[in-house]
Amino acid sequence: MDAPRRVTRASSAQKLQEQRHNATLQEPAVAMDEDVGGLMTIKWPKNGALTLEWVQELGKTLDFASRNLLPSELPNVLPVAVIDALLVAVHKLFHREPNCVEVPVGPSCKAVLVGDVHGQFHDVLHLLEIAGPPSSNRIFVFNGDYVDRGAWGFETYFYLLAWKLLLPHRVFLLRGNHETKFCTSAYGFEQEVTSKFGDRSKHVYRKMLGCFEGHPLAARVAGCVYMAHGGLFRQVEKEPSKKSKGKTYRRLLSGRNAEKPLKLGTLDDLAKARRMVLDPSGFGTNVIPGDVLWSDPSPENGLSHNDSRGIGLLFGPDCTQEFMEKHKLKLIVRSHEGPDARDKRPEMDAMNKGYTIDHVVKAGKLITLFSAPDYPQFQASANRYNNKGAYIVLEAPDFSVPHFFEFEAVQPRPKVSPYYDFVNSIDSDEELDLGSGSGSEGSCGSVSDKET
């Protein structure tokens, strides 16, 4: 891959100043200092209260740095002290949110739902431009997978965290399966942080992992739309008391309970799960977080273990109907599958236009939403997927009717080298083996042929 273009610090500062002048920002509300060589450096507000101007200036600065600076020069415009301050503040916000956040939407508001973005920072900037940024009447719910594969996972994640801190009741950031140590070690984000922050990289990476743990797992939007990265989840047996653990408890921890069929979980089960884990497991009594992050829909009825991934479940239209009917839902929006994953599942629709409608049942629909166009950024084959990204807008009076908006990738992308061996690495999460083995299947009721 071509190396990123390098510019002198003097010319970098001059270009950045010209951009601000052209945008008619005479005195930015974000505090700035001149660093060595004239580079402009973002400062944390003295009172810790972000402003719209601060977040907008952050986006412009990160965009400029991605196009004109070496990755290792990023701390010259965004010091680690500023990163620490924002991460600490957002971490506290996340810990006050429940596993499934309620997102009320007023009659004058719109809700914008966004799927995987995978470090494609410039496409995220474009999405916020065409959809309109978060505001008092425009709510955003992001469905995880902010990092990995794309070269600007840090910029993408940090920028969205800034929006969350600015508008905590208008921006909701759910967790994806890539917000884990396991995935970020395999698909580039850890190495990206190392390249950008050098001797401070371990510190920054640990702080980011701490934020990953805090994200809520799901959201219920306008009372009738369920959103989660992978989708549905199982009901889990209660943990035995200390007196009765013995062989029964050891069996539960060692693997699946093959004697009992899987049962679909409820939002009450989700509320009780322990989500503050770095790498959610497919074993034991706390498997719900792993299910929510890793599960996939199937065209066939039933609830079964997701053996192709080694973690999570496969759930059929009958499960979708049961879950929606139980919780009075009209729409389920999940993400988790890009064009590469769907290429390996011919029984499912291809992810060419940023979304697929996977289940149509009596209660409503289940949709897979993917918001990273021309994904993945680095592809071993010359024949790219050239997929579009998409986002959904929900509006009054019926917030359950999805309005789809497709968009293409911002081209050309800034030249940069990948942070993982995309040629020899597993090219899809579909091939990951997290070692959960095989097990029994379950039923979720029945759905007529018309409903599937």
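User: Happy to start with a loop: where is Ala 222 found?

Analyst: This is a predicted model, in which local features need pLDDT of at least 70, side-chain atom pairs count only at pLDDT 80 or more, and totals for chains, interfaces and linings use all residues. Residues are numbered from 1 along each chain as its sequence is written, and side-chain values use heavy atoms, with hydrogens and water left out. Helices (H or I, at least four residues) and strands (E, at least two) are DSSP runs, numbered from the N terminus. By that numbering, Ala 222 is found in the loop between β7 (218-221) and β8 (225-228).

User: What is the phi of Ala 222?

Analyst: Most residues other than glycine have a negative phi. Ala 222 is not a glycine, yet its phi is positive, near 55°.

User: Is Asp 374 buried or exposed?

Analyst: Asp 374 also has a positive phi, of about 45°, although it is not a glycine, and its place is in the loop between β14 and β15. Buried means under 20% relative accessible area, exposed over 50%, and partly exposed in between (1.4 Å probe, protein chains only). Ala 222, at 25%, is partly exposed. Asp 374 has a relative accessible area of 8%, so the word for it is buried.

User: Which residue does a cis peptide bond join to Ala 396?

Analyst: Most peptide bonds are trans. One cis bond runs from Tyr 375 to Pro 376, with omega near -10°, and Pro 376 is found in the loop between β14 (365-369) and β15. In the loop between β15 and β16 lies another proline. With omega about 5°, the cis bond from Ala 396 leads to Pro 397.

User: What is the order of the open sheet of 5 strands?

Analyst: Two strands pair if DSSP finds at least two bridges between them. Strand β4 (residues 110-114) runs parallel to β5, with 5 bridges joining them; Val 114 stands opposite Phe 142, and Leu 113 has Val 141 as its bridge partner. β6 (171-173) and β16 (403-407) each have a single partner strand, so they stand at the edges. With mixed pairing, the order is β6-β5-β4-β15-β16.

User: How many of the 5 residues of strand β5 are buried?

Analyst: Strand β5 (residues 138-142) is largely enclosed by the rest of the structure. That follows because its buried residues number 4 of the 5.

User: How do the axes of helix α5 and helix α7 cross, and at roughly what angle?

Analyst: Gly 153, Phe 154 and Glu 155 in α5 meet Phe 189, Glu 192, Lys 196 and Phe 197 in α7, contact meaning heavy atoms within 4.5 Å. Axes are lines fitted to C-alpha atoms, for helices over the stretch in contact, and angles run from 0 to 180 degrees between N-to-C directions. Angles under 35 degrees count as roughly parallel, over 145 as roughly antiparallel, 65 to 115 as roughly perpendicular and the rest as oblique, and these two helices are therefore roughly perpendicular. The axes of α5 (residues 153-166) and α7 (residues 189-197) come within 9 Å and cross at roughly 90°.

User: How far apart are the end C-alpha atoms of helix α8?

Analyst: The expected span of a helix is 1.5 Å times one less than its number of residues. Helix α8 (residues 201-214) has 14 residues, so it should span 20 Å. The model agrees, since its end C-alpha atoms are apart by 20 Å.
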